[in-house]
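User: I should like to understand how the descriptive terms applied to this structure are justified. Please set each value against its criterion.

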Amino acid sequence: MRRCGVLMPISSLPTQFGIGGFSKEAYEFVDFLAASGQSLWQILPLGPTGYGDSPYQSFSTFAGSPYYISLDALIEQGLLTQEECSSVDFGEDSTKVDYEKIYYTRFKLLRLAYERADVHNNAEYTTFVENNKAWLQDYALYMAIKDSLGGISWIEWEEDIRLRKPQAMQEYTQKFADEIAFYSYQQYLFSTQWLALKTYANEKGISIIGDIPIYVAFDSADTWSNPELFQLDQENIPIAVAGCPPDAFSATGQLWGNPLYRWDYHEETDFAWWMRRLSHCFNIYDIVRIDHFRGFDEYWSIPYGEETAEFGAWKKGPGYKLFEVMKRELGNCPVIAEDLGFLTPSVLKLVKKTGYPGMKVLQFAFDSREENDYLPHNYDRNCVVYTGTHDNDTVNGWITAMSKKDLAFAKKYLNVRKNQDICNHLICTALSCVADTAVIPMQDYLELGAEARINIPSTLGGNWEWRMGKDACTEELSKQMLELASIYGRVVKQKETKRKKAK
């Protein structure tokens, strides 16, 4: 089935409260996608973000970001007033998220809503807490302790609670009972609002592509509450951490710093934690894109304490064993394998064995030095084609940074004369190619430049900030998108979508 969609972070939606969320603008965006012949909305990870604001370094792989909770909905419920929300300074620039101001203001408003909500007499809240206790209790306690200590990493906590000694766990749970309930309430609101939005999207024929990082953050409730899952010593200090080796883009590689998995332990437990994680993902998304898929075949292990990624070594991952268990336990769930970068024969073999579609990024295609797999004439049907991803510049930004030789090759391949025509032609190339699925970043449909880039990998500051203008999704643009989707046979009739789900 040929289909198409848009890559658009929740945070980038226009709202009056500083950051995109599950408000009326999100529902309007779903309406826009449906009217534009789209059947997919790809988003970035939804977890609560920490230092650096990256959704790929979250405080929990199960929790959702409280920043996305709709304040409009809380006003409608009488838990907040319009005046209380409007009087807060969320930042002056409507084109960017000011994360510092959001951090210092959003929780105060959510606290007000919590204090007025009488959660302990709310049966739905109580049921949510009970159904999610496997991760929610640890996450809420972790955040409560973290707040009380000025936000420092759990590795700097007192030994008794850092190592989760039973008496300390009991004492801290009692001490922070109200804060635990506050954080649990945030997750209740997040879950309720997100699932309502997802249901609305599904009813409009839009499937949600979620995104999960292969690794969890070291400073997270996941690592603190499940140290046995990771390569940590007896004091829970990492033995080795994740990253990427040196390559043409980085002479010293990329030092991510995430804890590495003890894959032998995961295999002994039949990948129980992974099954819980993936099951959760398939409850909140329709399709799951797994970041850094290569790490399941081999992963780059860097000794803890190294300042760069240069002195790591390749280690074997779980390979197909994890996906064998996943298919047995969860069924044949739809996955997109993020298989970008240098791929060894064993990685290619793993992707092929899973049957999952890999990714093709058109911005990677026009390296004039060599033939490569990202050129559309090399695709097969079982892949997802993008003009760019959240880690790439926008197409118009990318054009300005290209070498003369690469630019000349791209113009020849796309059969265009003017640089300003490349963006539209690249979108048409993605939509017209043989790939079953095409996903276009919203910035490229809007023909925006480098100012709308989402992320520059391995940099801190200025990332994850872009926000779309409130009047960007025009009827004219919708008609253009619908026409392209129709021309290239990617409009999925809603009855066809429902029939497929029924099977």
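Analyst: A helix here is a DSSP run of H or I that covers at least four residues, and helices are numbered from the N terminus. K108 lies in one such run, helix α4, which spans residues 99-117. The model is a predicted one.

User: Why is K108 called exposed?

Analyst: The term exposed requires a relative accessible area over 50%. K108 has a relative accessible area of 61%, so K108 is exposed. As to its placement, the C-alpha atoms of K108 and V491 are separated by 44 Å, and the two residues are 383 apart along the chain.

User: Why does I239 count as partly exposed?

Analyst: Buried means under 20% relative accessible area and exposed means over 50%, with partly exposed in between. The relative accessibility of I239 is 49%, and therefore I239 counts as partly exposed.

User: Where is I239 placed, and with which residues is I239 in contact, leaving aside its neighbours within four places in sequence?

Analyst: I239 belongs to the loop between α10 (221-225) and β4 (240-244). With those neighbours left aside, its contacts are Q231, L232, D233, P303 and Y304. Y304 is 65 residues from I239 along the chain, yet their C-alpha atoms are separated by 5.5 Å.

User: What makes the pair F29 and F32 stacked?

Analyst: The structure holds 51 aromatic pairs. For F29 and F32, the ring centres are 6.2 Å apart and the planes stand at 25 degrees. Rings pair if their centres lie within 6.5 Å, and planes under 30 degrees apart count as stacked; the pair F29 and F32 is therefore stacked. Both residues lie in helix α1 (residues 24-35), three residues apart, which is about one turn of the helix. Both F29 and F32 are buried.

User: Why are α12 and α13 described as oblique to each other?

Analyst: The axes of helix α12 (residues 272-284) and helix α13 (residues 320-330) cross at roughly 55 degrees and come within 11 Å. An angle under 35 degrees would count as roughly parallel, and one from 65 to 115 as roughly perpendicular. The angle belongs to neither class, and α12 and α13 are therefore oblique to each other. Their crossing is right-handed. The contact is made by W274, M275, L278, S279 and F282 of α12, together with L322, V325, M326, E329 and L330 of α13. By class, these residues divide into eight nonpolar, one polar and one charged.

User: What makes α6 oblique to α9?

Analyst: Helix α6 (residues 133-148) and helix α9 (residues 177-203) pack at an angle of about 120 degrees, with axes 8 Å apart. Roughly perpendicular covers 65 to 115 degrees, and roughly antiparallel requires over 145. The angle lies between these classes, so α6 is oblique to α9. The crossing of α6 and α9 is right-handed. Residues making the contact include W135, L136 and Y139 of α6 and I180 and Y183 of α9. The contact as a whole divides into nine nonpolar, three polar and two charged residues.

User: How do you know that α16 and α17 are oblique to each other?

Analyst: The axes of helix α16 (residues 404-414) and helix α17 (residues 422-432) come within 10 Å and cross at roughly 55 degrees. That value falls outside the roughly parallel range, under 35 degrees, and the roughly perpendicular range, 65 to 115, so α16 and α17 are oblique to each other. Their crossing is left-handed. The contact involves L407, K411 and L414 of α16 and I422, H425, L426 and T429 of α17.

How values were computed:
Residues are numbered from 1 along each chain as its sequence is written. This is a predicted model: local features need pLDDT of at least 70, side-chain atom pairs count only at pLDDT 80 or more; totals for chains, interfaces and linings use all residues. Side-chain values use heavy atoms; hydrogens and water are left out. Axes are lines fitted to C-alpha atoms, for helices over the stretch in contact, and angles run from 0 to 180 degrees between N-to-C directions. Helices (H or I, at least four residues) and strands (E, at least two) are DSSP runs, numbered from the N terminus. A crossing is left-handed if the near helix is turned anticlockwise from the far one by less than a right angle, and right-handed if clockwise. Contact means heavy atoms within 4.5 Å. Ala, Val, Leu, Ile, Met, Phe, Trp, Tyr, Cys and Pro count as nonpolar, Asp, Glu, Lys and Arg as charged, and the others, Gly among them, as polar. Rings of Phe, Tyr and Trp (its six-membered ring) pair if their centres lie within 6.5 Å; planes under 30 degrees apart count as stacked, over 60 as edge-to-face and the rest as tilted. Buried means under 20% relative accessible area, exposed over 50%, partly exposed in between (1.4 Å probe, protein chains only).
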